[in-house]
Amino acid sequence: MTDVEENVPLKDPGDAESGACKLETSGPTREDMSSPKDHPSRVPYVLSVTGLIDTVNDVSKLSKEIRMNHDFHMEEKVLPPSSLEGRVKETMHNAFWDRLEEQLLATPPDFSCALELLKEIKEILLSLLLPRQNRLKSEIEEALDMNLLKQEAEHGALNVPHLSKYILNVMTLLCAPVRDEAVQKLENITDPVRLLRGIFQVLGLMKMDMVNYTVQSLQPQLQEHSVQYERAKFQELLNKQPSLLNHTTKWLTREAADLSMPPPSCPDTPASFSAVCPSPSEAANSLEPLNPKMVLSQGFLNLLLWDPEDEEFPETLLMDRARLQELETQLRQLTILASVLLVASSFSGSVLFGSPQFMDKLKRITKALIEEFKSRPEEEAMLTVSEQVSQEIHQSLKNMGLAALSSDNTASLIGELQNITKKENCVHSVIDQRIHLFLKCCLGLGVQRSLLDLPGGLTLIEAELAELGQKFINLTHDYQQVFGPYYTEILKTLIPPAQALETEVWSL
């Protein structure tokens, strides 16, 4: 989940000043989430250019996220209670609800804040309705008629518990099944302030459910229109700044030049993979001519090796630089995981290595420890990995009645595992090459076909490779859909016409 949840903040009544009792609208309404086609003014796409693209409007990022992630959903951003923002928010909320309680307990009672709450609740309930629910809409309008409620309040006759019960009944009708239990729990609350506070919390969840439902409904329209929209906005920027494709041109020029060079020797490449999916350099020197797809595939693969210090990142990909870095991190973790399991298997013996239960357990332990790279120094974390793996192998051998690892073998195993993260380590290097070759095959053959002929060392991480490969394919496919025409024009200047394929890049 990305930070897109910040685009749809859920407003609690406590966000208003405690004395004013003025409520802000709680998140987006159904109208706000309607089709971009129906409301073009609601879909601004603002790119600020200072030499390169600096920022992209949140709506554009959200549109791209929805387009690429079919399982996309939004969640309320939960602030850590210990954070300054979290403490301030909690203080404001408590102050509001305390003031509401004081007003309701006063003699005579003051219903000013209660009226604002009921007005907000009415707006939320109406925003949760589907267009066809006209009868329920009329009922809510009548039951929560604010003019009538103000008159009742002025005469001290506003029945807050009765209105709360009605609101709960409507929530029962509108909520998703997953919220049934939460609504039922509210029915047992007798304190009017606690009940209203609970109602707002559950309504916030229901609004997020509606947002996600609406997002899912919009996906087909976004798929159809957002690619053209993003390309058009990029063209507007290009018209204002013709140099906006300089780094993209330099990136593709470098990839085409590299593919035209003689291939380096690579004795490790599995024969089966070479036959099904030859390396780019081999392809360039075989009967198959250099073509746009080959250059782009190699270019996309090399994005996962990009030097963070290199500022000349392709302009067309700047929006996804963080996403690519995340894929690079995932690739590195998989390289280390597969390397650890490969080394461990050589010390485990065929009987222990052939036990699915043992290998699954070893894989789970190693994955969990590798995750600690984010919060611990790598060397320190790898020391823990090596000791834990060594201990697990030693204990499992004993449990199976097999000869335990000798002290020399244990020291050798720990030493080898500690060096796994170094790129010059032979096991690390081999696994890294094979994963990159797998990703290359995914671009040409798709994930499922590429999984049919995995080389040694990768079968234990097949599920993780499938996930990585699909993410990579989705990302590169999106690039080609949006920026394919620009890539094609650049590649026409790099590849001789006799070698270039007639098929345009964005149709591949």
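At what angle do the axes of helix H2 and helix H3 cross? Keep that in mind as you open the structure, which is a predicted model.

**Stop 1: H2 and H3**

Select residues 84-105 for helix H2 and residues 112-127 for helix H3. Their axes cross at roughly 120 degrees and come within 8 Å. An angle over 145 would count as roughly antiparallel and one of 65 to 115 as roughly perpendicular, so H2 and H3 are oblique to each other. Now show the side chains in the contact. From H2, pick Phe-96, Trp-97, Arg-99, Leu-100, Gln-103 and Leu-104; from H3, add Ser-112, Cys-113, Ala-114 and Leu-117. Colour them by character and you will find seven nonpolar residues, two polar and one charged.

**Stop 2: H5**

Keep H3 on screen and select helix H5, residues 146-154. Which residues of H5 are buried? They are Met-146, Leu-149 and Ala-153. Turn the view to look down the axis of H5: these buried residues fall within an arc of 60 degrees, so they line one face of the helix. An α-helix has 3.6 residues a turn, so residues three or four places apart point the same way. Next, display H3, helix H4 (134-143) and helix H6 (160-174), against which the buried residues of H5 pack. Then rotate to the face of H5 turned away from its buried side, where Asn-147 and Glu-154 are exposed.

**Stop 3: H15**

Move on to helix H15, residues 378-399. Try a distance between its end C-alpha atoms: they are 31 Å apart, which agrees with the 32 Å that 22 residues should span at 1.5 Å a residue.

For the buried side of H15, select Ala-381, Met-382, Val-385, Ser-386, Val-389, Ser-390, Glu-392, Ile-393, Ser-396 and Leu-397. Down the axis of H15, its buried residues keep within an arc of 165 degrees, and therefore they line one face of the helix. What do they pack against? Bring in helix H13 (321-353), helix H14 (356-370) and helix H16 (407-418) to see the partners of the buried residues of H15.

Zoom in on Ser-396, which belongs to this helix. Ser-396 has a relative accessible area of 11% and is buried. Apart from neighbours within four places in sequence, Ser-396 is in contact with Leu-352 and Phe-358.

Now swing round to the other side of H15, where Gln-391 and Asn-399 are exposed. Gln-391 counts as exposed because its relative accessibility is 54%, and the cut-off is over 50%. From Gln-391, draw a line to Leu-405: the two are 14 residues apart in sequence, and their C-alpha atoms lie 9.5 Å apart. Before leaving, click on Gly-401, which follows H15 and has a positive phi, near 75 degrees.

**Stop 4: Phe-483 in H19**

For the last stop, select helix H19, residues 462-492, and find Phe-483 in it. Is Phe-483 buried or exposed? With a relative accessible area of 4%, Phe-483 is buried. Leaving out its neighbours within four places in sequence, show what Phe-483 is in contact with: Glu-230, Phe-234 and Thr-316. Finish with Gln-235, which is 248 residues from Phe-483 in sequence but 9.9 Å from it in space, C-alpha to C-alpha.

Notes
Residues are numbered from 1 along each chain as its sequence is written. This is a predicted model: local features need pLDDT of at least 70, side-chain atom pairs count only at pLDDT 80 or more; totals for chains, interfaces and linings use all residues. Side-chain values use heavy atoms; hydrogens and water are left out. Helices (H or I, at least four residues) and strands (E, at least two) are DSSP runs, numbered from the N terminus. The expected span of a helix is 1.5 Å times one less than its number of residues. Buried means under 20% relative accessible area, exposed over 50%, partly exposed in between (1.4 Å probe, protein chains only). The arc is that of the directions from the helix axis to the C-beta atoms. Contact means heavy atoms within 4.5 Å. Axes are lines fitted to C-alpha atoms, for helices over the stretch in contact, and angles run from 0 to 180 degrees between N-to-C directions. Angles under 35 degrees count as roughly parallel, over 145 as roughly antiparallel, 65 to 115 as roughly perpendicular and the rest as oblique. Ala, Val, Leu, Ile, Met, Phe, Trp, Tyr, Cys and Pro count as nonpolar, Asp, Glu, Lys and Arg as charged, and the others, Gly among them, as polar.
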